[in-house]
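Visitor: I am new to this structure and would love a close look at a single part of it. Could you pick one residue, show me its surroundings, and then lead me outward from there?

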Amino acid sequence: MSEPIFIDARGHRCPVPTLRLRRALEEAGPGGRVRLLADDPMARIDVPHFASEKGYVVADSGELTSEPGLFFVVARPA
C-alpha cells in the first residue's frame, strides 16, 4: 500500500479542508488514501459526513499530539 497523500489544511475554515480532501481523493483514484490535518473544530463533523456521503472510509482520526489540531486518514475503496 502506498503512502497517503498529505494535505495540511490548518489555518483554513470549513469547507476548505473538506474541499481539499475531496480533490485529493479524486486524484488518488481507487484504493488511494489521504491524510488531512485541520484545526477547524467543524472538520470533526464535516469530514466524516463527507466521507460517508461519498462512500469513502475514515480509516483513522484523532487529535494531533504535538500541536493543536485534528488528523484524518480517509481511504477511497478499490
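Guide: Happy to! Let us begin at Ala38, which is buried, because its relative accessible area is 0% and buried means under 20%. Please keep in mind that this is a predicted model.

Ala38 belongs to strand β2. Setting aside the neighbours within four places in sequence, Ala38 is in contact with Ala9, Arg10, Pro17, Ala43, Gly69 and Leu70. Two of these partners can be placed in elements straight away: Pro17 falls within helix α1, which covers residues 16–28, and Ala43 begins helix α2, which covers residues 43–54. Leu70 opens strand β4, made of residues 70–75. For a sense of distance, look from Ala38 to Leu19: they are 19 residues apart along the chain, and their C-alpha atoms are separated by 12 Å.

Now step back along the strand to Leu36. Leu36 also lies in β2, which runs over residues 33–38. Leu36 is buried as well, since its relative accessible area is 0%. With neighbours within four places in sequence left out, Leu36 has contacts with Ile7, Ala9, Pro17, Leu21, Val47, Leu70, Phe71 and Phe72. Ala9, Pro17 and Leu70 are familiar from the contacts of Ala38, and they appear again among the partners of Leu36. The C-alpha atoms of Leu36 and Asp8 are separated by 6.0 Å, although their positions lie 28 residues apart along the chain. Asp8 is the end of strand β1, residues 5–8.

From Leu36 we can follow Leu21 and Val47 to the two helices. Leu21 is one of the α1 residues that meet α2, together with Thr18, Arg22 and Leu25. On the α2 side, the residues they meet are Asp46, Val47 and Phe50. By class, this contact has 4 nonpolar, 1 polar and 2 charged residues. How do the two helices lie against each other? Their axes come within 10 Å and cross at roughly 30 degrees, and α1 passes α2 in a right-handed crossing. In general, two packed helices are described by the angle between their axes and the distance between the axes.

Thr18 is a good place to pause in this contact. It lies in α1 and is buried, because its relative accessible area is 11%. Not counting residues up to four places away in sequence, Thr18 touches Asp46, Val47 and Phe50. For a contrast in the same helix, find Arg23, which is in α1 too. Arg23 is partly exposed, with a relative accessible area of 48%. Between Arg23 and Leu70, the partner of Ala38 we met earlier, the C-alpha distance is 19 Å, with 47 residues separating them in sequence.

Just before α1 there is a detail worth finding. Cys14 and Pro15 are joined by a cis peptide bond, with omega at about 20 degrees. Most peptide bonds are trans. Pro15 is found in the loop between β1 and α1.

Next, follow Leu70 into strand β4 and go on to Val73, which is in that strand. Val73 counts as buried, because its relative accessibility is 9%. Beyond the neighbours within four places in sequence, Val73 is in contact with Arg33, Val34, Arg35, Val57, Val58, Ala59 and Asp60. Arg33, Val34 and Arg35 bring us back to strand β2, which covers residues 33–38. The C-alpha atoms of Val73 and Leu21 are separated by 9.9 Å, with the two residues 52 apart along the chain.

Finally, let us take in the whole chain. It has 2 helices and 4 strands, and from the N terminus on they run β-α-β-α-β-β. The C-alpha trace spans about 30 × 25 × 15 Å along its principal axes. The radius of gyration is 11 Å, which agrees with the value near 12 Å for a compact globule of 78 residues. Of these 78 residues, 35% count as buried, and Ala38, where we started, is buried too. Among contacts between residues at least 6 apart in sequence, 65% join residues at least 24 apart. The accessible surface comes to about 4,600 Å², and 53% of it belongs to carbon and sulfur atoms.

Methods
Residues are numbered from 1 along each chain as its sequence is written. This is a predicted model: local features need pLDDT of at least 70, side-chain atom pairs count only at pLDDT 80 or more; totals for chains, interfaces and linings use all residues. Side-chain values use heavy atoms; hydrogens and water are left out. Axes are lines fitted to C-alpha atoms, for helices over the stretch in contact, and angles run from 0 to 180 degrees between N-to-C directions. A crossing is left-handed if the near helix is turned anticlockwise from the far one by less than a right angle, and right-handed if clockwise. Contact means heavy atoms within 4.5 Å. Ala, Val, Leu, Ile, Met, Phe, Trp, Tyr, Cys and Pro count as nonpolar, Asp, Glu, Lys and Arg as charged, and the others, Gly among them, as polar. Buried means under 20% relative accessible area, exposed over 50%, partly exposed in between (1.4 Å probe, protein chains only). The radius of gyration is taken over C-alpha atoms; the globule rule is 2.2 Å times the number of residues to the power 0.38. Accessible areas come from the Shrake-Rupley method with a 1.4 Å probe; for residues, only the protein chains shown count as cover.
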